[in-house]
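Me: Please take a close look at one part of this model, and tell me how it is enclosed and what its surroundings look like. A connected account would suit me better than a list.

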Amino acid sequence: MKSASLVISLLAAGCATAPTVSSVDQDRDTVVVYSATDSRSPMYKQGENRDVRGSLEKLERQAEENGRDVKLWVSIAQLKLIQNDFDGAMLAARKALAIDTKRSEATLVLAKVAYRKGNLDAAELHLNGLGGINAKNSEVHNLMALINLARGDETSANALFLQGLKLNSNDIAIRANLGMALLARKQVNSAALQFERVLAVV
């Protein structure tokens with residue numbers, strides 16, 4: 001799809017110098033941006049990036065010395081997710097939750113893993129535990145919107161994207177996903193506006 005290819009190129013150009021790259025995932029003819037700390041990138045394979053590997057190895061060594069540090073396990077879970085190591089991400093997230101059952105970042109990792117594995121019901125269950133449509137975290141709204149898109153409910157998805165943007169107007173993952181959803185419906189001008197705002201942020 002030429003439009004999608006163009007969008008990927010624009011995102012790549014805009015994010016090339018950013019310290020954290022917006023994650024873009026391609027699945028056949030669809031393009032989905034998860035978040036700035038999760039997934040595969042068109043610019044390089046984040047999981048194989050030397051900085052990611054080095055950071056993960058350092059955190060794992062620290063966790064061996066201090067296994068009760070919930071922040072360490074959350075960070076490990078997030079990096080494992082970047083590497084597409086779903087089992088490792090879930091294990092680390094659950095270790096974080098065993099220490100602090102209210103650690104929302106760990107629950108969000110579990111939701112992302114479930115979504116990436118195609119288990120939409122499980123992903124939704126985790127997100128509802130974070131407040132669902134009433135959550136104060138735009139990442140929750142983004143992922144809930146993607147779940148609705150996967151189920152074919154574009155109206156609910158768009159409403160969730162917009163709700164997320166009210167919480168965080170600089171969430172480039174939501175803007176990119178909303179842009180792709182608009183592009184799929186051939187609303188080119190509206191899609192272009194979202195992509196322009198993505199580039200303005202990055």
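Reply: The expected span of a helix is 1.5 Å times one less than its number of residues, and the helices themselves are DSSP runs (H or I, at least four residues; strands are E, at least two), numbered from the N terminus. The model is a predicted one, in which local features need pLDDT of at least 70 and side-chain atom pairs count only at pLDDT 80 or more, while totals for chains, interfaces and linings use all residues. Residues are numbered from 1 along each chain as its sequence is written, and side-chain values use heavy atoms, with hydrogens and water left out.

The part I have chosen is helix α5, residues 104-116. With 13 residues, α5 reaches 18 Å from its first C-alpha to its last, close to the 18 Å expected at 1.5 Å a residue. Because 11 of those 13 residues are buried, α5 is largely enclosed by the rest of the structure; buried here means under 20% relative accessible area, exposed means over 50%, and partly exposed lies in between, with a 1.4 Å probe and protein chains only. The buried residues include Leu108, Val109, Leu110 and Val113, but also Lys112, Tyr115 and Arg116. After the helix comes Gly118, whose phi is positive, near 85 degrees.

Charged side chains of this region take part in salt bridges, each defined as a side-chain nitrogen of Lys or Arg within 4 Å of a carboxyl oxygen of Asp or Glu; by that rule the count comes to 8. Arg103 pairs with Glu105, their closest N and O atoms being 3.3 Å apart; Arg103 is buried at a relative accessible area of 18%, whereas Glu105, at 30%, is partly exposed. Lys112 meets Glu139 in another salt bridge, 2.6 Å from N to O. Since Glu139 lies in helix α7 (residues 138-150) and Lys112 in helix α5, this pair ties together parts that are 27 residues apart in sequence. Lys112 counts as buried, at 8% relative accessibility, while Glu139 is partly exposed at 25%.

On the preceding side, α5 and α3 are among the elements that cover the buried residues of helix α4, where covering rests on contact, that is, heavy atoms within 4.5 Å. Helix α4 (residues 86-99) has 14 residues and reaches 20 Å from its first C-alpha to its last, close to the 20 Å expected at 1.5 Å a residue, and its buried residues include Phe86, Met90 and Leu97. Gly88 and Ala89, also buried in α4, are touched by Lys80, as are Leu56, Glu60 and Asp85, not counting residues up to four places away in sequence. Lys80 belongs to helix α3 (residues 70-82) and, at 15% relative accessibility, counts as buried; together with Glu60 and Asp85 it is linked in a network of salt bridges. In the loop between α3 and α4 sits Asn84, which has a positive phi of about 65 degrees although it is not a glycine, and which is partly exposed at 32% relative accessible area. For comparison, most residues other than glycine have a negative phi.
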